[in-house]
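Here are a few short exercises to work through with the model open beside you. Try each task before you read its solution.

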Amino acid sequence: VNPPLRLYMTMPPDGFIAGPGDRAGQELGRDGGRLFNWKDDRMSDVPGPARGMPVPSRGARIRRRRGSR
Amino acid sequence: MGRLVLYMSMSLDGFIAGPGDTKDNPFGTGGQRLHAWLGDGGDDPSGYRPDDDPGRTVFDEMLATGAVITGRRTGDFVGYWGGDHHDGVPIFVPTHQAPAGPPPGGVHFVTDGIGSCAAQAKAAAGDRDVLVHGAYTGQQALRARVLDVMEIALVPVLFGQGRRMFDGPGTGHTELELVRALEAPRALLLRYEVKYA
(Lines give C-alpha, C1' and ligand atoms only; values in the text may rest on other atoms or scores of the structure.)
Protein backbone atom coordinates (compact mmCIF):
# COMPACT_ATOMS: atom_id res chain seq x y z
CA VAL A 1 0.00 0.00 0.00
CA ASN A 2 1.33 3.39 -0.99
CA PRO A 3 -0.60 6.12 0.82
CA PRO A 4 -0.95 9.49 -0.96
CA LEU A 5 1.00 12.52 0.16
CA ARG A 6 -1.44 15.27 1.05
CA LEU A 7 -0.45 18.88 1.46
CA TYR A 8 -2.38 20.68 4.19
CA MET A 9 -2.04 24.47 4.08
CA THR A 10 -4.01 27.47 5.25
CA MET A 11 -4.12 30.28 2.71
CA PRO A 12 -6.03 33.53 2.10
CA PRO A 13 -7.37 34.29 -1.40
CA ASP A 14 -4.20 36.17 -2.34
CA GLY A 15 -2.09 33.12 -1.67
CA PHE A 16 0.15 33.94 1.30
CA ILE A 17 0.83 31.27 3.89
CA ALA A 18 2.58 33.59 6.37
CA GLY A 19 2.79 37.31 6.98
CA PRO A 20 5.91 39.36 6.22
CA GLY A 21 8.99 38.77 8.35
CA ASP A 22 8.58 35.09 9.13
CA ARG A 23 11.56 33.92 11.13
CA ALA A 24 12.48 31.99 14.24
CA GLY A 25 10.39 33.34 17.09
CA GLN A 26 7.81 34.73 14.66
CA GLU A 27 7.24 31.69 12.51
CA LEU A 28 3.98 32.87 10.97
CA GLY A 29 5.25 36.35 10.20
CA ARG A 30 3.51 39.55 11.23
CA ASP A 31 -0.19 38.92 11.86
CA GLY A 32 0.19 35.48 10.32
CA GLY A 33 -1.72 33.92 13.20
CA ARG A 34 -4.83 35.33 11.57
CA LEU A 35 -4.69 32.45 9.12
CA PHE A 36 -5.37 29.96 11.89
CA ASN A 37 -8.38 31.59 13.50
CA TRP A 38 -10.47 28.94 11.76
CA LYS A 39 -8.68 26.34 13.82
CA ASP A 40 -8.07 27.72 17.29
CA ASP A 41 -9.02 31.41 17.43
CA ARG A 42 -5.45 32.40 18.18
CA MET A 43 -5.98 36.06 17.28
CA SER A 44 -9.32 36.90 18.81
CA ASP A 45 -9.46 40.56 17.74
CA VAL A 46 -10.54 39.61 14.24
CA PRO A 47 -13.62 37.74 13.02
CA GLY A 48 -14.09 34.59 15.03
CA PRO A 49 -13.47 30.97 14.21
CA ALA A 50 -15.80 28.60 12.50
CA ARG A 51 -15.61 26.03 15.25
CA GLY A 52 -17.01 22.66 14.35
CA MET A 53 -17.03 23.51 10.68
CA PRO A 54 -17.14 20.15 8.98
CA VAL A 55 -14.46 19.16 6.56
CA PRO A 56 -16.35 19.04 3.26
CA SER A 57 -16.61 15.62 1.76
CA ARG A 58 -16.77 15.09 -1.95
CA GLY A 59 -20.02 16.44 -3.30
CA ALA A 60 -20.94 18.25 -0.11
CA ARG A 61 -21.83 21.88 -0.10
CA ILE A 62 -19.49 23.94 2.04
CA ARG A 63 -21.16 25.49 5.02
CA ARG A 64 -21.28 29.20 5.52
CA ARG A 65 -19.18 30.65 8.25
CA ARG A 66 -20.94 31.23 11.53
CA GLY A 67 -22.50 34.66 11.68
CA SER A 68 -22.53 35.18 7.97
CA ARG A 69 -25.55 35.91 5.89
CA MET B 1 -27.83 51.76 -3.18
CA GLY B 2 -26.18 48.90 -4.91
CA ARG B 3 -22.72 47.59 -4.19
CA LEU B 4 -19.55 47.18 -6.19
CA VAL B 5 -19.00 43.48 -6.86
CA LEU B 6 -15.80 42.19 -8.45
CA TYR B 7 -16.36 39.11 -10.61
CA MET B 8 -13.19 37.21 -11.48
CA SER B 9 -12.17 33.63 -12.25
CA MET B 10 -8.90 32.70 -10.59
CA SER B 11 -6.56 29.72 -10.45
CA LEU B 12 -5.71 28.32 -7.03
CA ASP B 13 -2.33 30.03 -7.28
CA GLY B 14 -3.98 33.38 -7.91
CA PHE B 15 -3.76 33.98 -11.64
CA ILE B 16 -6.60 35.45 -13.68
CA ALA B 17 -4.92 35.07 -17.08
CA GLY B 18 -2.17 32.91 -18.51
CA PRO B 19 1.17 34.34 -19.63
CA GLY B 20 1.31 36.53 -22.71
CA ASP B 21 -2.15 38.05 -22.54
CA THR B 22 -2.61 40.47 -25.43
CA LYS B 23 -5.48 41.84 -27.45
CA ASP B 24 -5.20 38.90 -29.83
CA ASN B 25 -4.99 36.44 -26.98
CA PRO B 26 -6.89 38.12 -24.14
CA PHE B 27 -6.85 35.16 -21.75
CA GLY B 28 -3.14 34.46 -22.19
CA THR B 29 -1.73 31.01 -22.92
CA GLY B 30 -4.06 28.42 -21.45
CA GLY B 31 -6.14 31.09 -19.82
CA GLN B 32 -9.42 29.84 -21.27
CA ARG B 33 -9.18 27.09 -18.67
CA LEU B 34 -10.29 29.60 -16.05
CA HIS B 35 -13.59 30.12 -17.83
CA ALA B 36 -14.47 26.49 -18.46
CA TRP B 37 -17.01 26.63 -15.63
CA LEU B 38 -19.08 28.94 -17.85
CA GLY B 39 -21.03 27.93 -20.93
CA ASP B 40 -19.41 27.62 -24.35
CA GLY B 41 -20.26 31.18 -25.33
CA GLY B 42 -21.61 32.70 -28.48
CA ASP B 43 -22.72 36.06 -29.73
CA ASP B 44 -25.05 36.68 -26.82
CA PRO B 45 -24.02 36.85 -23.13
CA SER B 46 -26.55 34.11 -22.35
CA GLY B 47 -24.34 31.70 -24.31
CA TYR B 48 -21.96 31.73 -21.36
CA ARG B 49 -24.64 30.69 -18.84
CA PRO B 50 -23.44 27.55 -17.05
CA ASP B 51 -25.58 24.42 -17.12
CA ASP B 52 -25.42 23.80 -13.37
CA ASP B 53 -27.44 25.50 -10.64
CA PRO B 54 -24.54 27.00 -8.60
CA GLY B 55 -22.96 28.41 -11.74
CA ARG B 56 -26.26 29.81 -12.94
CA THR B 57 -26.91 31.46 -9.59
CA VAL B 58 -23.71 33.47 -9.80
CA PHE B 59 -23.96 34.09 -13.53
CA ASP B 60 -27.53 35.36 -13.28
CA GLU B 61 -26.57 37.70 -10.44
CA MET B 62 -23.73 39.03 -12.55
CA LEU B 63 -26.05 39.80 -15.46
CA ALA B 64 -28.60 41.42 -13.12
CA THR B 65 -26.16 44.24 -12.35
CA GLY B 66 -27.11 47.76 -13.37
CA ALA B 67 -23.72 49.08 -14.47
CA VAL B 68 -20.26 47.79 -15.34
CA ILE B 69 -16.83 49.05 -14.34
CA THR B 70 -14.04 47.56 -16.40
CA GLY B 71 -10.37 48.32 -16.59
CA ARG B 72 -8.95 49.95 -19.64
CA ARG B 73 -6.86 46.90 -20.44
CA THR B 74 -9.74 44.43 -20.21
CA GLY B 75 -12.00 46.81 -22.10
CA ASP B 76 -9.54 47.38 -24.90
CA PHE B 77 -9.01 43.63 -25.24
CA VAL B 78 -12.67 42.94 -25.84
CA GLY B 79 -13.57 46.13 -27.70
CA TYR B 80 -15.79 47.15 -24.78
CA TRP B 81 -18.23 44.44 -25.82
CA GLY B 82 -19.30 46.73 -28.64
CA GLY B 83 -20.58 49.14 -26.04
CA ASP B 84 -23.05 46.67 -24.52
CA HIS B 85 -21.90 44.13 -21.91
CA HIS B 86 -25.47 43.09 -21.05
CA ASP B 87 -28.91 44.67 -21.29
CA GLY B 88 -27.43 47.95 -22.45
CA VAL B 89 -26.32 48.99 -18.95
CA PRO B 90 -23.68 51.75 -18.90
CA ILE B 91 -20.00 50.80 -18.85
CA PHE B 92 -17.59 52.96 -16.87
CA VAL B 93 -13.86 52.81 -17.53
CA PRO B 94 -11.41 54.43 -15.10
CA THR B 95 -8.42 55.66 -17.05
CA HIS B 96 -5.75 58.33 -16.91
CA GLN B 97 -6.53 59.53 -20.40
CA ALA B 98 -9.62 58.88 -22.46
CA PRO B 99 -8.96 57.73 -26.01
CA ALA B 100 -9.62 60.11 -28.85
CA GLY B 101 -12.88 59.81 -30.66
CA PRO B 102 -16.36 58.96 -29.45
CA PRO B 103 -16.57 55.96 -27.10
CA PRO B 104 -18.61 52.97 -28.27
CA GLY B 105 -22.23 52.69 -27.16
CA GLY B 106 -22.79 53.07 -23.44
CA VAL B 107 -19.11 53.46 -22.54
CA HIS B 108 -18.02 56.32 -20.28
CA PHE B 109 -14.33 57.00 -19.70
CA VAL B 110 -13.71 58.45 -16.24
CA THR B 111 -10.47 60.34 -15.72
CA ASP B 112 -10.90 61.72 -12.20
CA GLY B 113 -10.23 58.55 -10.24
CA ILE B 114 -11.69 55.22 -9.22
CA GLY B 115 -13.72 56.86 -6.44
CA SER B 116 -15.53 59.07 -8.91
CA CYS B 117 -15.93 56.12 -11.25
CA ALA B 118 -17.52 54.07 -8.47
CA ALA B 119 -19.89 56.89 -7.53
CA GLN B 120 -21.01 57.42 -11.12
CA ALA B 121 -21.54 53.70 -11.69
CA LYS B 122 -23.55 53.32 -8.47
CA ALA B 123 -25.71 56.29 -9.34
CA ALA B 124 -26.37 54.80 -12.77
CA ALA B 125 -27.14 51.35 -11.37
CA GLY B 126 -29.70 52.63 -8.88
CA ASP B 127 -30.75 49.79 -6.56
CA ARG B 128 -28.80 47.23 -8.55
CA ASP B 129 -25.20 46.19 -7.97
CA VAL B 130 -22.26 47.26 -10.10
CA LEU B 131 -20.21 44.59 -11.88
CA VAL B 132 -16.45 45.18 -11.64
CA HIS B 133 -14.07 43.42 -14.05
CA GLY B 134 -10.29 43.44 -14.15
CA ALA B 135 -7.45 42.63 -11.78
CA TYR B 136 -5.85 46.07 -11.76
CA THR B 137 -9.20 47.80 -11.45
CA GLY B 138 -10.17 45.47 -8.60
CA GLN B 139 -6.94 46.32 -6.80
CA GLN B 140 -7.50 50.03 -7.33
CA ALA B 141 -11.03 49.73 -5.98
CA LEU B 142 -9.73 47.88 -2.92
CA ARG B 143 -7.10 50.53 -2.28
CA ALA B 144 -9.69 53.27 -2.60
CA ARG B 145 -11.95 51.27 -0.27
CA VAL B 146 -14.87 51.36 -2.67
CA LEU B 147 -15.05 47.64 -3.49
CA ASP B 148 -17.80 45.96 -1.44
CA VAL B 149 -17.83 42.34 -2.58
CA MET B 150 -15.55 39.89 -4.38
CA GLU B 151 -17.15 36.98 -6.20
CA ILE B 152 -14.25 34.68 -7.00
CA ALA B 153 -14.63 31.59 -9.14
CA LEU B 154 -11.75 29.52 -7.78
CA VAL B 155 -10.69 27.07 -10.46
CA PRO B 156 -8.82 23.88 -9.53
CA VAL B 157 -5.68 24.51 -11.55
CA LEU B 158 -2.19 25.88 -10.98
CA PHE B 159 -0.86 28.24 -13.65
CA GLY B 160 2.55 29.03 -12.20
CA GLN B 161 2.75 32.17 -14.31
CA GLY B 162 0.47 34.74 -15.85
CA ARG B 163 -1.37 37.79 -14.57
CA ARG B 164 -2.07 37.86 -10.85
CA MET B 165 -5.37 38.88 -9.30
CA PHE B 166 -3.71 40.30 -6.19
CA ASP B 167 -0.40 41.88 -7.06
CA GLY B 168 1.77 44.25 -5.10
CA PRO B 169 1.61 45.33 -1.48
CA GLY B 170 -0.79 48.23 -1.95
CA THR B 171 -3.89 46.65 -0.48
CA GLY B 172 -2.23 45.58 2.76
CA HIS B 173 -4.08 43.54 5.39
CA THR B 174 -7.76 43.56 4.52
CA GLU B 175 -10.32 41.41 6.29
CA LEU B 176 -12.83 39.50 4.19
CA GLU B 177 -15.93 37.64 5.26
CA LEU B 178 -16.93 34.57 3.34
CA VAL B 179 -20.68 35.04 2.99
CA ARG B 180 -21.40 32.26 0.50
CA ALA B 181 -19.59 29.29 -0.97
CA LEU B 182 -21.19 27.34 -3.79
CA GLU B 183 -19.67 24.20 -5.20
CA ALA B 184 -20.07 24.12 -8.96
CA PRO B 185 -18.80 21.08 -10.87
CA ARG B 186 -15.78 22.95 -12.25
CA ALA B 187 -15.18 25.76 -9.74
CA LEU B 188 -15.75 26.89 -6.19
CA LEU B 189 -17.82 30.06 -6.28
CA LEU B 190 -16.72 32.13 -3.31
CA ARG B 191 -18.43 35.35 -2.30
CA TYR B 192 -16.50 37.61 0.05
CA GLU B 193 -17.59 40.87 1.62
CA VAL B 194 -14.73 43.30 2.16
CA LYS B 195 -14.46 44.53 5.75
CA TYR B 196 -12.46 47.73 5.76
CA ALA B 197 -10.93 48.58 9.14
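The exercises below concern a predicted model.

**Exercise 1.** Work out where B:Leu147 lies in chain B, and decide whether B:Leu147 is buried or exposed.

*Solution.* Begin with the secondary structure: B:Leu147 sits in the loop that runs between α4 (135–143) and β7 (149–155) of chain B. Next, take the relative accessible area, which is 0% for B:Leu147. Buried means under 20%, so B:Leu147 counts as buried.

**Exercise 2.** Find which residues B:Leu147 touches, leaving aside those up to four places away in sequence.

*Solution.* Start with the low-numbered partners: B:Leu4, B:Val5 and B:Leu6 are among the residues touched. Then add B:Val132, B:Gly138, B:Ala141 and B:Leu142. Finish with B:Val194 and B:Tyr196. For B:Tyr196, you can also check the backbone: its C-alpha atom is 9.6 Å from that of B:Leu147, with the two positions 49 residues apart along the chain.

**Exercise 3.** Place B:Ala181 in its element, and state how far its C-alpha atom is from that of B:Ala197.

*Solution.* B:Ala181 belongs to strand β9 (residues 175–184) of chain B. Its relative accessible area is 7%, so B:Ala181 is buried. Now go 16 residues along the chain to B:Ala197: the two C-alpha atoms are 23 Å apart.

**Exercise 4.** Describe chain A by its secondary structure, its burial and its contacts.

*Solution.* First, chain A has one helix and zero strands. Second, 20% of its 69 residues count as buried. Third, among contacts with a separation of 6 or more, 9% join residues 24 or more positions apart. Lastly, chain A exposes about 5,800 Å², and carbon and sulfur atoms supply 53% of that area.

Terms used:
Residues numbered from 1 in each chain as written. Chains lettered and ligands numbered in written order. Predicted model: local features only at pLDDT ≥ 70, side-chain atom pairs only at ≥ 80, totals over all residues. Heavy atoms only, no water. Helix = DSSP H or I, 4+ residues; strand = E, 2+ residues; numbered from the N terminus. Buried < 20%, exposed > 50% of the residue type's maximum accessible area, 1.4 Å probe, protein only. Contact = heavy atoms within 4.5 Å. Areas by Shrake-Rupley, 256 points an atom, 1.4 Å probe, with all protein chains shown as cover.
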